[in-house]
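Here are a few short exercises to help you find your way around a new structure. Try each task with the viewer open before you read its solution.

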Amino acid sequence: MLPLASPTTLLHLHRDGQGIHLHLPPAEIPWSDLWEHLSLWLRGQRRFWQGEAPLILWGEAWLLDPQQLQALAHLLAQHHLCLERVHTHQRHTAIAAASLGYSVEQSSPWQTAKRVWSGDPPLYLRTTIRSGTEIRHTGSVFVLGDLNPGGEIIADGDIGIWGRCRGLTHAGASGDRQAVILALQLDPTQLRIADQVARPPAPHRADPEPEVAYLKDQIICIASAHDFLRRVSL
Amino acid sequence: MSRVIVMTSGKGGVGKTTITANLGTALARLNSSVVVVDADFGLRNLDLLLGLEQRVVYTAVDVILGECRLEQALVKDKRTPNLALLPAAQTRNKTAVTPDQMRDLVQKLTSLYDFVLVDCPAGIEQGFRNAIAGAKEAIIVTTPELSAVRDADRVVGLLEAAQIQPTQLIVNRIRPDMVAAEQMMSVEDVEEILAIPLLGVVPEDREVIVSTNRGEPLVLAANPAQAALAIGRIARRLKGEGIPIPDPESFQEGLMGRLRKFLNQKVL
């Protein structure tokens with residue numbers, strides 16, 4: 001079995017008719033960690049909204065005080081997101097949000113299980129993923145930038161890195177054996193696809209080319225991206 | 001506008017404190033008023049490197065707790081008139097102050113000095129969070145070693161999250177001969193991973209140990225060593241002068257070094 005990392009980064013952003021929805025991770029991690037992940041994650045998000053967009057926060061079981069809510073609103077405002085409504089399971093958070101003038105919806109945990117996970121859109125990140133950063137996503141992940149040693153990407157779908165991949169990547173994390181990992185320079189610490197793990201062979205090639213890692217007969221194989229894509233698409 | 005710069009690295013022992021002491025002295029000698037703040041509560045060092053240990057009466061913690069005025073805790077360096085030290089407490093630990101208190105303290109210093117250099121403790125816990133609290137920009141000090149660079153990378157990420165901009169890089173303790181023999185990471189290797197602007201490169205220098213033991217900053221020496229010259233250039237770059245960063249090869253002094261370089265150029 002694979003040692004799966006803790007679910008720290010299950011942040012999720014999507015849009016519907018009401019505005020943009022931000023889901024905080026359900027797991028109780030320290031506020032400082034959440035803050036750190038959120039700031040980095042927002043920096044890496046490609047903006048798919050125009051102007052100031054109304055934001056609906058899904059706070060789940062998070063206990064937030066007015067100061068934390070204000071800090072969140074301030075951070076979101078820097079990304080042109082205007083906090084308007086707060087959904088929460090917690091009475092404490094509801095009171096804090098109401099006192100700051102946000103509209104509030106308090107619900108019990110078993111009512112808000114309806115989350116829009118199905119067919120998650122790919123996560124697009126435009127940033128360097130540095131040591132200690134863990135990106136988790138229930139769809140595919142595409143990064144414009146490097147994945148540094150000590151950084152991790154864990155995706156239920158494919159992983160594409162337009163840059164150097166030197167950290168840990170896990171594609172098809174929930175079991176998709178068709179998932180692939182592609183990078184301009186594939187020099188990872190470790191590769192994982194579905195339930196298989198591989199250490200790449202000798203690193204540091206003088207003339208790196210884009211490569212794809214894929215699963216074939218229980219073994220993770222690496223091929224030149226050109227050859228692989230030709231085989232798959234035709 | 002005064003500049004508040006936190007000197008940080010993640011890993012310990014890469015030369016943060018040495019660079020802070022020397023950079024502070026070098027900036028002061030360029031006619032800037034400078035205060036170096038030791039944020040390493042419980043494990044203070046900066047006063048030793050500056051040779052000011054015996055003149056420490058009050059510390060930053062005393063100021064924060066209201067036991068003395070800020071001016072009473074500041075130790076003025078007599079050799080370098082523009083330089084002052086705000087020492088850390090040796091008897092407390094890193095939880096003695098909060099980031100908010102630290103921010104207030106640094107805020108007070110900005111009205112008094114052109115440069116506030118905060119010497120950050122190793123690690124990324126409470127002490128780190130205190131040290132970066134009031135900072136506007138950061139200097140990452142690292143050595144060309146995998147572990148130091150890995151930790152520096154983590155710290156760059158944390159600084160990004162804390163919205164501290166710009167973050168610049170100093171590569172310390174480089175040994176050109178070992179880089180040439182491919183036994184050590186080169187400056188380019190380090191830059192490639194960290195992807196932040198390079199502020200300077202400081203060569204390995206035995207004079208550093210001598211000056212540390214003597215409590216006299218390297219840059220004050222009458223006949224400055226290579227490392228001292230490098231830090232002097234960094235100070236001038238910080239003040240906005242466009243001084244190029246010399247190739248580490250040129251740190252290799254002596255006829256043999258120069259001859260080897262000359263031959264390399266001719267052959268390759």
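**Exercise 1.** Find the residue of strand 4 of chain B that stands opposite B:K76, keeping in mind that this is a predicted model.

*Solution.* Start at B:K76 and look across to strand 4 of chain B: the residue facing it is B:A84. Next, look at the two strands themselves. Strand 3 of chain B and strand 4 (residues 83–86) of chain B run antiparallel, and two bridges join them.

**Exercise 2.** Work out the strand order of the open sheet in chain B, then explain what is special about its edges.

*Solution.* Step one: trace the eight strands, which follow the order 3-4-2-5-1-6-7-8 with mixed pairing. Step two: go to the ends of that order. Strand 3 (75–76) and strand 8 (198–203) of chain B each have a single partner strand, so one side of each has no neighbour in the sheet. Step three: add the helices. Helix 5 (residues 99–110) of chain B lies across strands 1, 2 and 5 of chain B, at about 150° to strand 5. Helix 11 (residues 226–238) of chain B lies across strands 7 and 8 of chain B, and its angle to strand 8 is about 170°.

**Exercise 3.** Describe the side of chain B that touches chain A.

*Solution.* Begin with the count: 10 residues of chain B are in contact with 13 residues of chain A. Helix 7 (residues 146–161) of chain B gives the most to this side, with eight residues. Finally, sort the chain B residues by type: five are nonpolar, one is polar and four are charged. For the model, ipTM is 0.72 and pTM is 0.74.

Technical notes
Residues numbered from 1 in each chain as written. Chains lettered and ligands numbered in written order. Predicted model: local features only at pLDDT ≥ 70, side-chain atom pairs only at ≥ 80, totals over all residues. Contact = placed C-beta atoms within 7 Å. Helix = DSSP H or I, 4+ residues; strand = E, 2+ residues; numbered from the N terminus. Nonpolar A, V, L, I, M, F, W, Y, C, P; charged D, E, K, R; others polar. Pairing = 2+ DSSP bridges. Axes fitted to C-alpha atoms, helices over the stretch in contact; angles between N-to-C directions.
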